[in-house]
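Here's a quick briefing on how some of the pieces fit together. Have a look at the structure first, then go through the notes below.

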Amino acid sequence: MHQSLYHPIKRGKLKLLNYYIDESGNTGSNLLDEDQPYFVYGGLIMDDNYKEKIDKYISNLKFKADELHYKKMSIKLAKKANDLSLKIAKDANEFQQLKTPNLVLPFLIVANKKTILCEQLQYAIFDSYYAPDEFKPFIDMLSFNQNFIVILSALIKKKFIHNNSLLIKLNNLFATKDTNLKQDLEDCIQVLKTINIFPENPNSQKKYEQFLNKVNREDILYDLYSKDSKNRKMAYSAELASLTVSALFTEIEKLGKALNDNIYVHADGDTKQYMNNYWKELNKIALNRPDADNNPIIFKYVKHIDTSDSKDLLGIQLADILCGSTNEFLKIKQGMFTKRYKRKNVGSKSQEDFKSSLCKNFQFLYNLATTSDYRLITCFV
């Protein structure tokens with residue numbers, strides 16, 4: 001029924017791990033879409049020994065479809081898919097407890113899109129590339145101070161996340177051709193100036209505010225706008241990709257280092273063009289360079305990104321189930337309804353069984369993530 005889970009690729013003496021990734025919650029051009037508040041990105045890392053178990057699970061659950069696509073499943077099939085994800089999560093737990101040599105681990109980004117907007121504003125403005133020369137050392141210093149980055153991020157979210165008018169201005173910066181973009185950016189910068197990021201150091205606070213006064217607005221707007229000038233609707237998605245991929249790959253690089261194994265990434269080739277372009281650029285710049293083994297820029301163990309059709313790789317389909325079920329759980333947990341979990345059918349046995357399978361699956365996944373030696377779930381909340 002399904003094609004091979006793995007590509008027969010070996011590099012040197014190291015074992016090869018395969019990381020299958022997909023996404024959920026990224027089908028529109030509006031980060032403030034109330035029907036899609038979350039973006040889930042990631043999937044499963046596996047070794048060759050795990051293939052036999054997966055084949056057995058699929059056979060026992062008797063899926064009839066040629067391709068496992070979570071969004072298209074009926075409520076009955078989706079419950080089966082949740083049960084499958086739970087089995088895989090339990091196997092991941094077994095591996096972490098060293099009770100089995102078969103390696104399987106989920107790695108996910110779970111993002112509130114409003115948070116992503118705030119993060120992107122921070123990364124767009126606090127970049128020494130756009131800073132006047134007198135502020136470049138100051139901004140570079142801040143950029144390498146993780147404590148500062150985390151604190152500033154929290155303060156920005158506090159100012160913006162519950163202010164709908166400010167969020168609309170942020171969304172405009174990434175997703176529209178609105179003629180008021182200059183004013184939208186200016187309004188956002190003025191709010192940033194009210195943040196007291198250095199309460200115990202007035203001189204640094206003053207320099208922070210001076211930087212915001214003089215940062216090059218035109219360059220920032222040009223950078224935000226030029227990401228995808230031919231298809232402005234998807235520009236924000238390109239930004240979403242770069243932020244989430246960076247965080248995700250940082251974590252799987254740590255796993256590769258811990259296990260001394262190379263990791264080969266398989267992404268869904270059906271995804272939007274902006275993502276395929278991003279994979280090509282990342283391969284060229286950071287991963288698959290001729291000198292990458294001896295002179296890694298960012299990643300040493302994440303070796304290459306291959307784009308494949310999801311119908312040809314069961315691993316990508318499993319990633320689709322993992323991301324899709326996580327996204328649906330988050331929405332239901334927030335009191336939302338979905339195409340499967342419908343308001344008019346609340347209380348019916350099929351819906352309650354489905355909801356129970358979702359909750360059980362995510363609870364186990366969350367427990368696994370919080371007790372793991374690795375950062376299995378990275379959250380932008």
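Let's start with a strand pair: β2 (residues 38–46) and β3 (residues 104–112) run antiparallel and are joined by nine bridges. Keep in mind that this is a predicted model. From that pair we can work outwards to the sheet, and then turn to a pair of helices.

**The sheet**

- At one spot along the pair, methionine 46 sits opposite valine 104 in β3.
- Helix α2 (residues 75–96) packs on the sheet and touches both β2 and β3; the direction of α2 makes about 120° with that of β3.
- Zooming out, the sheet is an open one with six strands, ordered β5-β4-β1-β2-β3-β6, and its pairing is mixed.
- The edges belong to β5 (302–308) and β6 (377–380); each has a single partner strand, so one side of each has no neighbour in the sheet.
- Going from one strand to the next, the twist averages 15°.

**The α12/α13 pair**

- Helix α12 (residues 314–333) packs against helix α13 (residues 349–371) at an angle of about 110°, and their axes are 10 Å apart.
- Angles of 65 to 115 degrees count as roughly perpendicular, so that is the label for α12 relative to α13.
- On the α12 side, the contact is made by Leu322, Ser325, Thr326, Glu328, Phe329 and Ile332.
- α13 brings Phe354, Lys355, Leu358, Cys359, Asn361, Phe362 and Leu365 to the contact.
- Sorted by class, the contact of α12 with α13 has eight nonpolar, three polar and two charged residues.

Definitions and conventions:
Residues are numbered from 1 along each chain as its sequence is written. This is a predicted model: local features need pLDDT of at least 70, side-chain atom pairs count only at pLDDT 80 or more; totals for chains, interfaces and linings use all residues. Side-chain values use heavy atoms; hydrogens and water are left out. Axes are lines fitted to C-alpha atoms, for helices over the stretch in contact, and angles run from 0 to 180 degrees between N-to-C directions. Helices (H or I, at least four residues) and strands (E, at least two) are DSSP runs, numbered from the N terminus. Angles under 35 degrees count as roughly parallel, over 145 as roughly antiparallel, 65 to 115 as roughly perpendicular and the rest as oblique. Contact means heavy atoms within 4.5 Å. Ala, Val, Leu, Ile, Met, Phe, Trp, Tyr, Cys and Pro count as nonpolar, Asp, Glu, Lys and Arg as charged, and the others, Gly among them, as polar. Two strands pair if DSSP finds at least two bridges between them.
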